[in-house]
Amino acid sequence: MTSMESLIGLVNRIQQACTVLGDYGGANDSNALSSLWEALPSVAVVGGQSSGKSSVLESIVGRDFLPRGSGIVTRRPLVLQLHKVDGKAKEYAEFLHMPGQNITDYAVVRQEIQNETDRVTGRTKQISPVPIHLSIYSPHVVNLTLIDLPGLTKVAVEGQPQTIVEDIENMVRSYVEKPNCIILAISPANQDIATSDAIKLSKEVDPSGERTFGVLTKLDLMDKGTNALDVLEGRSYRLQHPWVGVVNRSQADINKNVDMIVARRKESEYFETSPDYGHLANKMGSVYLAKLLSQHLETVIRARIPSITSLINKTIEELESEMNQIGRPIAVDAGAQLYTILELCRAFDRIFKEHLDGGRAGGDKIYNVFDNQLPAALRKLPFDRHLSLQNVRKVVSEADGYQPHLVAPEQGYRRLIERALSYFRGPAEASVDAVHFVLKELVRKAIAETQELRRFPTLQAELAAATSEALERFREESKKTAIRLVDMEASYLTVEFFRRLPQEMEKAANPANQATPNEDRYGEGHYRRIASNVSSYIGMVSDTLRNTIPKAVVYCQVREAKLSLLNHFYTQIGKKEAKQLSQLLDEDPALMERRQQCAKRLELYKTARDEIDSVSWAR
């Protein structure tokens with residue numbers, strides 16, 4: 001195979017691979033494979049209805065395989081990929097929607113095109129932009145990708161929407177507007193070229209004519225005494241590429257099933273013996289047209305190679321990066337699976353610690369609990385009500401029983417302080433719970449941010465359950481410790497406080513007051529001093545707990561989460577059997593499919609790069 005055939009065949013194979021991977025013509029035309037498809041040149045066959053498009057295609061292929069009839073026959077784009085094979089190889093056709101089914105009967109190919117068209121559009125005259133993909137492998141073709149498009153029309157007929165004219169033009173335009181699309185403009189010779197729908201559209205999208213090849217059909221059907229030399233020789237309408245005339249099979253030949261090889265020979269004889277076109281015979285006919293397109297494709301491909309190679313290399317890097325994120329397939333032996341699970345857990349644990357230590361957002365919320373929420377909760381405690389004159393009198397009186405206190409009501413003080421200190425339990429427990437919820441949120445974030453874990457929803461669920469259980473244990477221990485700190489303050493009152501009480505009580509006696517100390521001892525001033533002393537003591541304890549509760553919470557919850565969050569989980573994992581480990585590494589089916597797609601695409605791009613390097617500059 002020549003370097004030209006190799007290069008065009010390579011482009012053909014890449015386009016076919018893009019098609020097989022389901023990107024071209026799919027819902028997402030912005031992805032890399034669609035970009036690669038559009039970076040590669042292909043030939044779009046454009047013409048009005050009954051202009052001879054189908055006959056030209058069949059002549060190039062050398063087979064009678066397209067549906068025929070009146071009106072709109074081509075109602076969906078047909079992406080036709082021709083693959084030249086060795087002369088001894090078997091000739092066959094294959095549809096993308098019927099992979100692996102090699103069809104050798106072209107009457108079956110024709111019927112399947114009709115059936116597949118009807119499947120999408122119904123048995124009506126509607127059109128659809130969803131393409132049909134057909135590959136033909138034959139020693140009698142050149143490597144080409146041809147796109148047969150619905151024929152341009154001027155009016156809607158019965159059974160068609162009024163927008164059919166515009167719909168067809170928009171569909172055809174969406175193909176021929178692409179800068180890498182070569183336009184094969186089909187015009188019948190028995191009509192004025194000025195009225196050619198194909199030439200009109202190609203002039204709009206390709207005003208310079210660089211991408212347009214003009215094909216003149218039905219030369220044998222022109223009125224006697226007339227010819228198409230003005231068009232074929234470029235005087236009526238000049239293109240940068242030469243016009244090519246073709247003579248297709250007549251309807252009588254089609255009805256008689258005249259072999260395409262015979263038809264090609266008759267076409268060649270027509271030009272060779274024609275008094276009008278004999279001097280152009282070597283540049284006319286469907287065989288010459290196919291070779292001309294193939295030669296032009298080589299030129300275009302060589303010009304596009306740098307940009308194609310750049311696109312391929314860029315996409316290889318992106319796919320390899322994505323493959324690294326998705327991860328490689330999991331080994332089947334238990335040892336490797338256990339190692340993988342532990343590695344995934346360590347990756348999660350690392351991200352969780354980054355959240356706590358400030359490498360990632362979230363750990364600051366724990367500080368906010370201690371710096372804002374805890375002090376605010378302490379300030380809101382109902383000490384004003386507890387130390388009201390009425391409550392102090394009541395508590396002190398009940399503490400004295402039937403014996404009145406003499407100097408300082410010790411039991412009254414103890415009861416007032418102990419009951420006040422019980423209020424500190426609420427903020428202590430609330431601080432523990434607040435930190436617990438922060439830790440749970442950080443665990444959730446860490447699991448979500450661990451890229452490697454996304455592959456394994458079952459392991460994610462197990463890890464979430466194990467960490468939740470561990471955090472619950474830490475919370476219970478932290479709550480016990482925080483409450484214990486409060487109880488410790490209530491269980492032993494500072495001795496200096498009680499030593500000062502008698503002195504303060506004596507100082508509080510007002511010499512100017514005629515009432516005796518005993519009388520003042522049961523007055524409002526007496527109870528206000530008791531409330532003030534208790535409030536002072538509570539303030540001292542509040543300051544102490546404001547410092548010690550955070551220490552207890554950090555020690556019992558945050559520190560434990562950093563050091564031993566997964567310890568119990570590691571122990572349980574080590575006891576699991578191979579089957580249980582496999583279940584943990586049961587990947588998300590969507591992710592498995594994504595990996596397979598990435599692997600196929602990566603293989604496609606690497607193969608394309610290697611083959612382009614091997615043939616692009618061959619001589």
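At roughly what angle do the axes of H11 and helix H16 cross? In this predicted model, the two axes cross at roughly 130 degrees. They come within 9 Å of each other. Helix H16 covers residues 425–449, and helix H11 covers residues 334–357. The angle makes H11 oblique to H16, because it falls neither within 65 to 115 degrees nor over 145. H11 passes H16 in a right-handed crossing.

The residues that meet can be named on both sides. H11 contributes Phe348, Ile351, Phe352, His355 and Leu356. From H16 come Leu439, Leu442, Val443, Lys445, Ala446, Ile447 and Glu449. By class, nine residues of this contact are nonpolar, one is polar and two are charged.

H11 also packs against H17. Helix H17 spans residues 457–491. The axes of H11 and H17 come within 12 Å and cross at roughly 55 degrees. H11 and H17 are therefore oblique to each other. Their crossing is right-handed. On the H11 side, the contact involves Ile341, Leu344, Cys345 and Phe348. On the H17 side, Leu459, Leu463 and Thr467 take part. Six of these residues are nonpolar and one is polar, with no charged residue in the contact of H11 with H17. Phe348 of H11 thus appears in the list for H17 and in the list for H16.

A further contact joins H17 to helix H20, which runs over residues 524–564. The axes of H17 and H20 come within 9 Å and cross at roughly 160 degrees. An angle over 145 degrees counts as roughly antiparallel, so H17 and H20 are roughly antiparallel to each other. The crossing of H17 and H20 is right-handed. Their contact holds 12 nonpolar, six polar and four charged residues.

Aromatic rings were examined next. A search of the whole structure finds seven aromatic pairs. One of them is formed by tyrosine 92 and tyrosine 137. This pair is stacked, with 4.7 Å centre to centre and 20 degrees between the planes. Tyrosine 92 lies in strand S3, residues 92–95. Tyrosine 137 belongs to strand S4, residues 132–138. The pair therefore ties together parts that are 45 residues apart in sequence.

Confidence varies along the chain. The average pLDDT is 82. A score of at least 70 is reached by 85% of the residues. Over residues 23–30, the pLDDT is below 50. This stretch still has 18 contacts in the model beyond near neighbours in sequence. Where pLDDT is low, the predicted coordinates should not be read in detail.

How values were computed
Residues are numbered from 1 along each chain as its sequence is written. This is a predicted model: local features need pLDDT of at least 70, side-chain atom pairs count only at pLDDT 80 or more; totals for chains, interfaces and linings use all residues. Side-chain values use heavy atoms; hydrogens and water are left out. Axes are lines fitted to C-alpha atoms, for helices over the stretch in contact, and angles run from 0 to 180 degrees between N-to-C directions. Helices (H or I, at least four residues) and strands (E, at least two) are DSSP runs, numbered from the N terminus. Angles under 35 degrees count as roughly parallel, over 145 as roughly antiparallel, 65 to 115 as roughly perpendicular and the rest as oblique. A crossing is left-handed if the near helix is turned anticlockwise from the far one by less than a right angle, and right-handed if clockwise. Ala, Val, Leu, Ile, Met, Phe, Trp, Tyr, Cys and Pro count as nonpolar, Asp, Glu, Lys and Arg as charged, and the others, Gly among them, as polar. pLDDT is the predictor's confidence in each residue, from 0 to 100. Contact means heavy atoms within 4.5 Å. Rings of Phe, Tyr and Trp (its six-membered ring) pair if their centres lie within 6.5 Å; planes under 30 degrees apart count as stacked, over 60 as edge-to-face and the rest as tilted.
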